[in-house]
Amino acid sequence: MENNSLPDFMKYKDGYTSEKFVDKISRVAKRAGAKFVYVSLILYYTLQSDNVSLKDKAIIIGALGYLISPLDIIPDAIPIAGLGDDLAVLLYVLKKVWGDVPESVREKAHAKLSKWFDNDEMREADDVFSENNA
């Protein structure tokens, strides 16, 4: 995915707070699906990690701010498509920082995911970068 095909999500960075993120994920978890929530949680926990550069933290904050914003490109209230643009931004950023995501962060996100989804639902998060379960 080319960088210029994404919306300028960095303008949403000022809308990010940990509280707003937790509120948003709690509200959309079941509707969004396990993969969406898993990717979101990985970025959220990566943001809290000391292993990530300030530059990467900045783009994570931009992506999570975009997720939180009610004013993104496709409103979240629109079924299916509404969260699709959010997922595209989150996956774009996750691919950029994936090499710096420690296994402990992946495990923490997976553990949190199990509080919202059963084992069958969680299978869609097994390969976050595969297209067939998006």
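1. Let me start with a pair of helices in this predicted model. The crossing of H2 and H5 is right-handed. Its contact brings together Ala34, Val37, Tyr38, Leu41, Ile42, Tyr45 and Thr46 from H2 with Val105, Arg106, Lys108, Ala109, His110, Lys112 and Leu113 from H5. Sorted by character, the residues of this H2–H5 contact are nine nonpolar, two polar and three charged.

2. Now the geometry of that pair. Helix H5 covers residues 103-113, and its axis lies 9 Å from the axis of H2, with an angle of about 135° between the two. That angle makes H2 oblique to H5; the cut-off for roughly antiparallel is over 145 degrees, so the pair does not fall in that class.

3. A word on the chain as a whole, for orientation. There are six helices and zero strands, and the order from the N terminus reads α-α-α-α-α-α. The chain has 134 residues, of which 49% are buried. If you take the contacts between residues at least 6 apart in sequence, 74% of them join residues at least 24 apart.

4. H2 itself deserves a closer look. The helix runs over residues 34-47, and at 1.5 Å a residue its 14 residues should span 20 Å; the C-alpha atoms at its ends are 20 Å apart, so expectation and model agree. How many of the residues of H2 are buried? The count is 14 of the 14, so H2 is largely enclosed by the rest of the structure.

5. H2 has a second partner in H3. Helix H3 takes in residues 54-68, and it packs with H2 at an angle of about 140°, the axes being 10 Å apart. The two helices are therefore oblique to each other. Is this crossing left-handed or right-handed? H2 passes H3 in a left-handed crossing, whereas H2 and H5 cross in a right-handed one.

6. Here are the residues behind the H2–H3 packing. On the H2 side they are Phe36, Ser40, Leu43, Tyr44, Thr46 and Leu47, and on the H3 side Lys57, Ile60, Ile61, Leu64 and Leu67. Eight of the residues in this contact of H2 with H3 are nonpolar, two are polar and one is charged. You may like to note Thr46, which is listed in the contact of H2 with H3 and also in the contact of H2 with H5.

7. H3 also packs with H1. Helix H1 spans residues 18-32; its axis and that of H3 are 9 Å apart and meet at an angle of about 50°. That makes H1 oblique to H3. The H1–H3 crossing is left-handed. Lys20, Phe21, Lys24 and Ile25 of H1 make the contact with Leu64, Leu67 and Ile68 of H3. Five of these contact residues of H1 and H3 are nonpolar, none is polar and two are charged. Leu64 and Leu67 of H3 appear in this contact and in the contact with H2.

8. Tyr38 is a good residue to select in your viewer. Tyr38 sits in helix H2 and has a relative accessible area of 9%, so it counts as buried. Apart from neighbours within four places in sequence, Tyr38 contacts Arg106, Ala109, His110, Leu113, Ala125 and Val128. Its C-alpha atom is 8.5 Å from that of Lys112, although the two residues are 74 places apart along the chain.

9. On the facing helix, try Ala109. Ala109 belongs to helix H5 and is buried, its relative accessible area being 0%. Which residues does Ala109 touch, not counting those up to four places away in sequence? They are Tyr38, Leu41, Ile42 and Tyr45, and these four are listed on the H2 side of the contact with H5. The C-alpha atoms of Ala109 and Ser40 are 8.7 Å apart, with their positions 69 residues apart in sequence.

10. Finally, a loop residue. Ser49 lies in the loop between H2 and H3. Is Ser49 buried or exposed? Ser49 counts as buried, because its relative accessibility is 10% and the cut-off for buried is under 20%. Setting aside residues up to four places away in sequence, Ser49 touches Lys57 and Pro102. Ser49 and Val105 are 56 residues apart in sequence, while their C-alpha atoms are 8.1 Å apart in space.

Key. Residues numbered from 1 in each chain as written. Predicted model: local features only at pLDDT ≥ 70, side-chain atom pairs only at ≥ 80, totals over all residues. Heavy atoms only, no water. Expected span 1.5 Å × (residues − 1). Buried < 20%, exposed > 50% of the residue type's maximum accessible area, 1.4 Å probe, protein only. Axes fitted to C-alpha atoms, helices over the stretch in contact; angles between N-to-C directions. Parallel < 35°, antiparallel > 145°, perpendicular 65-115°, else oblique. Left-handed = near helix turned anticlockwise from the far one by under 90°. Contact = heavy atoms within 4.5 Å. Nonpolar A, V, L, I, M, F, W, Y, C, P; charged D, E, K, R; others polar.
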